[in-house]
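Work through the exercises below with the sequence and the model open. Each task is followed by a solution in steps.

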Amino acid sequence: MTGKVSIYFPAEKETSNLRFHLHAPFASTVARDSVRECEANDALRDHLADLVSESMTAIRDQGLLTVGFLATLPNDKDNLSEFYRPVMNRLVKAFREEKLTPMKQGGHASADGIFRGLVRLSDLIADDDLATILGEGTPPMWIANPPQLNHREDNFLSMLNITEWTTNHLVNELSTHSESIVEWLARKPHEWHQGLYSLLYPLMDDFPTKWKLLTLRIVPCSDGIYRVGSECYFPSDDVEDDEDFPRVAKAVFSSGTSTTQQEKAREFLAKIGVREVGEAEQVEAILQQRYSQGSIKPRQHDMERFIELVDKEPGKASLFHKYFIFQLENGNWGKPGIVFLDAPYVDTGLRVYYEAFGEGSGRKWALSPNYHESGIELEKLRKFAKLVGVQTCLEVVETNTHENPDWRYLMGAPGRYRHESSRDTDYVIPKLEQLLQTPNEEISKLVWTTMCASQEKYLTATYRKSWSGGTRCRPSQLVHHLRNAEWIPQQRKGQQGYAFRKPVDAVAEMLPDGYPFYPGSKWLEKIEFGKTESDRKDLERRKQEKQTQDYQRKDTAAEELGFSSVEEAHEAKEMVALKHKDPAGFKRWQDSNREKASFPTRPVRNSERRKERLSQQYANAPEKRYETRERIVRTTRGEIDPETWLRNRYTKDGAQMICQICEKVMPFKKRNSEYYFEAVEVLSKDYFPKEHEAQFLALCPLCAAMYKEFIKREEIAMDSLHATLKDADDLKIPLELGELITSLWFVETHRQDIKTILNRIEDHLDSKFNSP
Ligand SMILES: [Zn+2]
């Protein structure tokens with residue numbers, strides 16, 4: 001309805017935009033169709049405004065001032081002209097100061113000290129509740145809610161500056177946990193909470209509020225105590241009360257008839273941490289009650305229950321990390337992280353290792369032997385212990401290269417430091433350096449067997465600043481420690497006890513029993529095991545060889561000069577010397593010989609007898625012997641064809657074939673007019689357990705020779721190259737060939753293939769060594 005303005009008769013062109021009619025003796029314009037602008041009219045209008053606002057009381061008293069009535073009142077979205085605006089302003093003033101606003105619980109109140117909020121909120125939090133929560137004001141508190149937001153009723157109320165109160169305010173008040181709030185909440189029936197939860201439910205999507213909700217003590221349990229969600233459990237069909245696992249009072253999510261509300265309430269509870277009671281939950285409760293620091297109260301079958309749980313759900317192993325679940329050899333109780341296994345469970349040798357630590361930091365303790373007689377299946381106990389983090393073997397630990405003796409060299413890796421692609425890894429066995437200073441056969445054995453089973457990567461320290469700078473490698477700290485200490489026990493024949501030698505001075509033959517020895521092991525090579533002895537043998541062999549070579553050369557020369565042997569030549573030499581020394585004597589001797597210079601006939605006296613003797617002799621003569629010496633020959637190389645593979649990849653535009661190092665065209669063509677090149681395996685055969693074409697490089701003869709000399713015979717260089725090939729993606733890899741700084745380039749497919757191969761090998765090795 002649009003209100004009209006009359007001045008005893010309708011002013012046709014006057015529009016007030018009000019929703020009610022006005023009639024007053026306004027002075028009109030000459031046309032008598034609208035209200036003229038003048039002071040008298042303003043004064044008259046003010047009187048009308050007073051009249052309108054004053055009549056609100058009468059309307060209220062007749063019971064007509066309802067929320068719906070507010071739609072007839074002007075609001076600031078009505079586009080009132082300047083002239084009529086005071087009518088609106090006067091009404092707003094009246095509503096603020098007088099008891100005119102219709103309230104939810106009935107009656108009217110002035111706009112100061114009352115609240116507006118969502119219907120669902122004011123339905124749940126009644127006027128009394130709100131007064132209690134706020135600790136101020138007296139009912140009525142909530143205004144009657146308009147039917148819809150942004151309609152005329154709501155627009156009018158919006159001008160009254162009534163305080164808005166939302167679910168966020170509610171959460172804030174609840175999180176004070178003040179005495180009055182706690183008491184108020186406790187007075188609420190369980191059914192009421194269901195409404196609260198479904199009201200709070202949408203707030204779980206709001207990040208900061210969510211965290212507040214997680215800490216609210218708003219979940220009543222069957223014992224009447226309010227808890228935070230994460231301390232509570234859902235009741236089950238047969239358990240509604242539970243001392244160990246406080247169950248949520250059932251009515252808080254199963255009241256009323258609205259299944260939507262019930263589901264929302266339950267879902268809300270789950271979101272704030274209420275759980276079902278499963279075996280893991282029960283075990284966790286046991287851990288908290290009986291295996292926390294300062295309150296160790298173990299019960300007989302707890303350990304079996306723990307083992308069973310982790311056996312079924314290995315993911316639950318982390319549950320145990322912070323609890324004192326193991327009894328130690330010294331009678332104390334400890335977390336898995338400070339325990340190791342040794343006899344009688346499994347012979348790890350760790351007891352000796354940790355005893356040598358003394359009481360120092362980092363010390364761990366052996367598991368108490370009590371479990372051995374407890375009836376627990378030992379295999380299961382061992383498996384459980386390992387899964388929850390008990391130490392079961394001597395561990396090599398990763399560290400950085402700062403303490404490596406070759407640190408200066410490693411740090412000198414070229415390039416600018418880039419965090420994402422940098423690398424700084426080294427390996428140690430904690431305290432090993434100190435422990436090896438005092439020789440101890442048991443520790444030596446432990447270290448030896450540990451090294452036999454450990455991964456090759458532990459032998460190398462690696463440093464780089466970035467991919468493109470290239471990687472530098474040196475023996476790891478572990479290798480240095482093992483190389484420098486006198487720790488290898490050597491058993492001397494007919495003597496008791498051991499002498500302890502540096503690896504370099506030790507020999508395999510003198511190792512005591514229980515030291516598995518695999519010649520050619522990488523770790524033995526790196527710690528220079530037996531090097532002194534093998535150097536000595538080498539030297540001897542070379543000396544012998546040289547002597548043999550010398551003799552053979554002389555023998556050949558003597559023969560060429562007509563002597564039958566070197567000895568004969570020596571005699572001749574002596575004779576010549578004699579001739580020079582005493583020419584006259586020599587002449588006499590020569591003449592005397594010449595006189596007798598008839599050829600001795602030495603006839604055969606008995607021909608048959610001689611034949612027979614020779615036959616006999618020959619029969620007994622030693623047969624020429626040949627022995628098959630074992631030589632390892634690679635038999636699989638013929639199964640792949642790296643030449644064709646490489647030719648296809650490194651031939652440019654189908655014509656010229658390029659060397660991967662000097663990047664020049666190969667120097668000559670073979671008779672079949674294909675380019676001659678060498679397919680060189682990129683790393684030594686130790687790196688590649690399988691045959692594959694991509695493991696080869698296409699090199700010109702000169703580069704091939706240099707590559708073999710400077711990379712393939714240089715372990716450190718090969719280690720570095722290996723690391724770069726395995727980790728980086730660059731097609732061009734920096735390479736040092738003696739004095740020459742160059743690079744090795746790849747076509748992309750080749751580069752990717754070789755990286756894949758190297759990483760597969762690594763994964764394979766890791767899984768091999770880490771499998772139980
Ligand atoms: Zn080349």
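A salt bridge joins D727 to R464, with the closest N and O atoms 3.8 Å apart. The model is predicted. Keep this pair in mind for the exercises on domain 4 and domain 6.

**Exercise 1. Describe the interface between domain 4 and domain 6.**

Step 1. Set the bounds. The domain assignment places domain 4 at 397–529 and domain 6 at 639–770.

Step 2. Locate the two bodies. Their C-alpha centres lie 29 Å apart.

Step 3. Count the residues that meet. Domain 4 brings 19 residues into contact with 14 residues of domain 6.

Step 4. Take the area. About 1400 Å² is buried between domain 4 and domain 6. Carbon and sulfur atoms give 48% of that area.

Step 5. Count the polar links. There are 5 salt bridges between domain 4 and domain 6. The count of residue pairs in polar contact, both at pLDDT 80 or more, is 5.

Step 6. Assign the domain 4 side to its elements. β18 (460–464), β19 (472–475) and α19 (522–526) each supply at least two residues to the side that touches domain 6. β19 gives the most, with 4 residues.

Step 7. Sort this side of domain 4 by class. It has 4 nonpolar, 8 polar and 7 charged residues.

**Exercise 2. Which residues share a salt-bridge network with D727?**

Step 1. Recall the general basis. Side chains of opposite charge can pair when their charged atoms come close.

Step 2. List the pairs of D727. One partner is R464, at 3.8 Å between the closest N and O atoms. Another is K726, at 3.4 Å from N to O.

Step 3. Join the pairs. Salt bridges with shared partners link R423, R464, K726 and D727 into one network.

Step 4. Check the exposure of two members. D727 has 17% relative accessibility, so it counts as buried under the 20% cut-off. K726 is buried too, with a relative accessible area of 8%.

**Exercise 3. Compare two salt bridges that link distant parts of the chain.**

Step 1. Start from the total. The count comes to 41 salt bridges.

Step 2. Take D311 and K383. Their closest N and O atoms are 3.4 Å apart. D311 sits in helix α12 (residues 302–312) and K383 in helix α14 (residues 378–388), 72 residues apart.

Step 3. Read their exposure. D311 is partly exposed at 35% relative accessibility. K383 is partly exposed at 45%.

Step 4. Take E528 and R483. The closest N and O atoms of this pair are 3.9 Å apart. E528 lies in the loop between α19 and α20 (531–560), while R483 belongs to helix α18 (residues 477–484), 45 residues away.

Step 5. Read the exposure of E528. Its relative accessible area is 28%, so E528 is partly exposed.

**Exercise 4. Is S444 buried or exposed, and which residues does S444 contact?**

Step 1. Place it. S444 is in helix α17 (residues 441–453).

Step 2. Read the accessibility. At 1%, S444 counts as buried.

Step 3. Find the contacts, leaving aside neighbours within four places in sequence. S444 is in contact with W487, P489, F500 and Y515.

**Exercise 5. Repeat the analysis for P146, which is found in a loop.**

Step 1. Place it. The loop runs between α4 (127–134) and α5 (152–158).

Step 2. Read the accessibility. P146 has 11% relative accessibility and counts as buried.

Step 3. Find the contacts, again without neighbours within four places in sequence. P146 is in contact with V67, E153, D154 and L157.

Step 4. Add a distance across the chain. The C-alpha atoms of P146 and A71 are 9.7 Å apart, with their positions 75 residues apart along the chain.

**Exercise 6. Where do cis peptide bonds and positive phi values occur?**

Step 1. Recall the background. Most residues other than glycine have a negative phi, and most peptide bonds are trans.

Step 2. Inspect the prolines. The bond from P139 to P140 is cis, with omega near 0°. P140 is in the loop between α4 and α5. The bond joining A343 and P344 is also cis, with omega about 10°. P344 lies in the loop between β14 (339–340) and α13 (350–357).

Step 3. Inspect phi. R32 is not a glycine, yet its phi is positive, about 60°. R32 is found in the loop between β3 (22–23) and α1 (39–61). At 52% relative accessibility, R32 counts as exposed.

Step 4. Add S673. Its phi is also positive, about 60°. S673 lies in the loop between β23 (656–657) and β24 (678–681).

Conventions
Residues are numbered from 1 along each chain as its sequence is written. This is a predicted model: local features need pLDDT of at least 70, side-chain atom pairs count only at pLDDT 80 or more; totals for chains, interfaces and linings use all residues. Side-chain values use heavy atoms; hydrogens and water are left out. Domain bounds come from an automatic or database domain assignment. Contact means heavy atoms within 4.5 Å. Buried area is the accessible area (1.4 Å probe) that two parts lose on being put together, summed over both. A salt bridge is a side-chain nitrogen of Lys or Arg within 4 Å of a carboxyl oxygen of Asp or Glu. A polar contact is a pair of N or O atoms within 3.5 Å; within protein, one must be able to donate a hydrogen and the other to accept it, and residues adjacent in sequence count only if both atoms are side-chain atoms. Ala, Val, Leu, Ile, Met, Phe, Trp, Tyr, Cys and Pro count as nonpolar, Asp, Glu, Lys and Arg as charged, and the others, Gly among them, as polar. Buried means under 20% relative accessible area, exposed over 50%, partly exposed in between (1.4 Å probe, protein chains only).
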